[in-house]
Amino acid sequence: MSFQSIIKIMSEYYPMLLRGAGITLLISIVGTVIGFVIGLLVGTIRTIPIPRNRIKAFILKIVNVVFSIYIEIFRGTPMIVQAMVIYYGSALAFGIDMDRIFAAILIVSINTGAYMAEIVRGGISSIDKGQFEAAQAIGMNHFQTMTNIILPQLIRNILPATGNEFVINIKDTSVLNVISVTELFFQTKSIAGNNFKYFETFFVASIFYFVMTFTVTRILRFCEMKIDGPENYTINIEDISVNKSEKLLPRVKDTSVKQY
Amino acid sequence: MEKIIEIKHLNKSFGNHEVLKDINFSVNKGEVVCIIGSSGSGKSTLLRCINLLEVPSGGEIIYKGENILDDNHDICLYRKNLGMVFQQFNLFNNHDVLGNCMVGQRKVLNRSKEEAENISMKYLKVVDMDKYINAKPKQLSGGQKQRVAIARSLSMEPDVILFDEPTSALDPEMVGEVLKVMNELAKTGLTMIIVTHEMEFAKDVADRIVFMDKGVIAEEGTPDKIFNNPSKERTREFLRRVI
């Protein structure tokens with residue numbers, strides 16, 4: 001091993017490595033985003049309180065069972081096996097010749113979705129019950145409560161966990177080389193197969209992976225700070241008048257002011 | 001007097017524990033009713049049953065001639081006519097002070113942004129929190145939060161506001177500022193149902209006092225009657241201890 005050979009691999013094979021890294025990023029970004037959406041939907045539906053209407057309650061129960069099966073299966077089997085089963089299974093059973101990138105994104109999405117659904121469910125149950133009650137007391141229905149009050153807080157709370165999933169996805173897309181997706185690991189393997197410099201080539205690949213994951217975590221941290229907003233607030237001084245309430249609301253009962 | 005809310009034979013149990021037993025009472029328009037009683041007597045549960053945060057096990061709640069416990073009654077439609085102020089404030093953490101007052105008006109009442117803003121500002125001025133419209137709930141003190149919560153309820157311009165021990169989570173210095181606001185509101189003819197442990201305040205603002213004990217209404221009447229001349233031994237005993 002030498003420093004020169006690493007430089008040489010970088011300069012010689014960088015188009016291939018970059019293309020591989022690009023595919024890895026594409027799969028993990030799209031997969032995480034779709035998985036996040038799946039997780040939000042599934043997690044939100046799973047936390048709907050049981051409706052008073054019998055028929056609605058029954059439908060909800062069926063849906064919840066289906067979601068539970070989905071989550072258990074996709075959390076309980078390795079992604080590498082899921083990739084094989086879905087990719088070759090769809091070809092065998094339905095005669096579909098799936099595009100490899102499409103298959104990769106599909107697998108990562110539904111896999112991430114299963115994890116995110118549980119993260120969302122945990123996130124929702126960690127939000128103070130008072131937030132739901134205040135929204136309901138104001139007259140919001142479940143959907144309005146979710147979109148206006150709960151989900152904005154939830155998304156902030158689960159952002160670190162989502163970042164985790166994202167980083168895991170960047171690394172775990174490497175298992176998709178089993179269905180010949182030309183992501184970074186697959187490219188690295190091809191290069192190493194050519195030049196027989198396994199250590200140096202994979203060392204370069206590890207640098208690529210690290211740069212990607214590190215950048216992503218920094219960006220997400222920045223997003224968290226953006227959502228949190230400024231530390232301080234500005235005082236709004238339009239008009240300062242003493243005892244405003246007395247002028248603003250007409251009194252119909254007695255007029256004495258009592259101090260407590 | 002026009003009855004706004006009438007409660008008939010209301011029951012509530014958690015499992016086999018009966019919290020409310022055959023509650024009958026009504027609230028007239030413009031009336032201020034204070035519910036007092038020791039902890040665990042069912043005061044808060046009664047209040048939460050009124051806007052269905054707890055679903056009653058039996059009985060009727062009549063609002064404007066309709067029983068809202070009917071299966072086909074739209075709960076959201078009913079709730080927007082009822083304000084609620086919580087012991088733990090429950091301001092929406094993802095909104096600033098102005099947003100807290102506006103979100104209900106915009107989404108539930110479908111008011112325009114401008115209208116919602118004007119109404120919010122009006123009521124934030126009433127509670128003297130108009131200077132803090134940009135602040136997030138976590139940046140406010142307890143008393144300030146509760147005043148914003150009151151403005152949030154007022155912004156919906158409800159028929160009745162329910163107060164669930166609004167000062168119990170505040171330290172003594174902040175209790176005053178909240179009670180002052182509530183005292184002002186009581187004088188404007190707003191219908192209020194207040195669960196409170198502040199006896200002095202109850203004596204002052206209430207048109208009627210309801211004393212609850214062990215899930216039933218033990219005694220009710222004017223503040224003068226309840227505080228100066230209670231007819232039941234249990235009421236006397238409770239008042240002796242708290243005053």
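This report describes helix α7 of chain A, the contact between chains A and B, and two residues with positive phi.

The model is predicted, so local features require pLDDT of at least 70 and side-chain atom pairs pLDDT 80 or more, while totals for chains, interfaces and linings use all residues. Residues are numbered from 1 along each chain as its sequence is written, chains are lettered from A in the order in which they are written, and side-chain values use heavy atoms, with hydrogens and water left out.

**Helix α7 of chain A**

Helices (H or I, at least four residues) and strands (E, at least two) are DSSP runs, numbered from the N terminus. Helix α7(A) comprises twelve residues, 184-195; at 1.5 Å a residue (times one less than the number of residues) it should span 16 Å, in agreement with the 16 Å between its end C-alpha atoms. Its buried residues (under 20% relative accessible area, 1.4 Å probe, protein chains only) are L184(A), Q187(A), T188(A), I191(A) and A192(A). Because these cover an arc of only 135° around the axis, they lie on the same side of α7(A); the arc is taken from the directions from the helix axis to the C-beta atoms. Their cover includes α1 (3-46) and α8 (198-228) of chain A, contact meaning heavy atoms within 4.5 Å. At the start of the helix, a side-chain oxygen of E183(A) comes to within 3.0 Å of the backbone nitrogen of F185(A). Just after α7(A), F196(A) adopts a positive phi of about 60°.

**Contact between chains B and A**

Chain B contributes 57 residues to the contact and chain A 44 residues. Together the chains bury about 4300 Å², 54% of it on carbon and sulfur atoms; buried area is the accessible area (1.4 Å probe) that two parts lose on being put together, summed over both. In chain B, K131(B), E184(B) and K187(B) lose the most area to chain A, together 16% of what that side buries. One salt bridge (a side-chain nitrogen of Lys or Arg within 4 Å of a carboxyl oxygen of Asp or Glu) is counted between the chains. It joins the side chains of R48(B) and E133(A), at 2.7 Å from N to O. The largest share of the chain B side, seven residues, comes from α6(B).

**Positive phi in loops**

Two residues other than glycine are set out below; exposed means over 50% relative accessible area, and partly exposed lies between that and the buried limit.

| Residue | Phi | Loop | Relative accessible area |
|---|---|---|---|
| S180(A) | about 60° | between α6 (142-172) and α7 of chain A | 30%, partly exposed |
| K64(B) | near 50° | between β4 (58-63) and β5 (66-67) of chain B | 56%, exposed |

Technical notes:
Polar contact = N/O pair within 3.5 Å; in protein donor to acceptor, adjacent residues only side chain to side chain.
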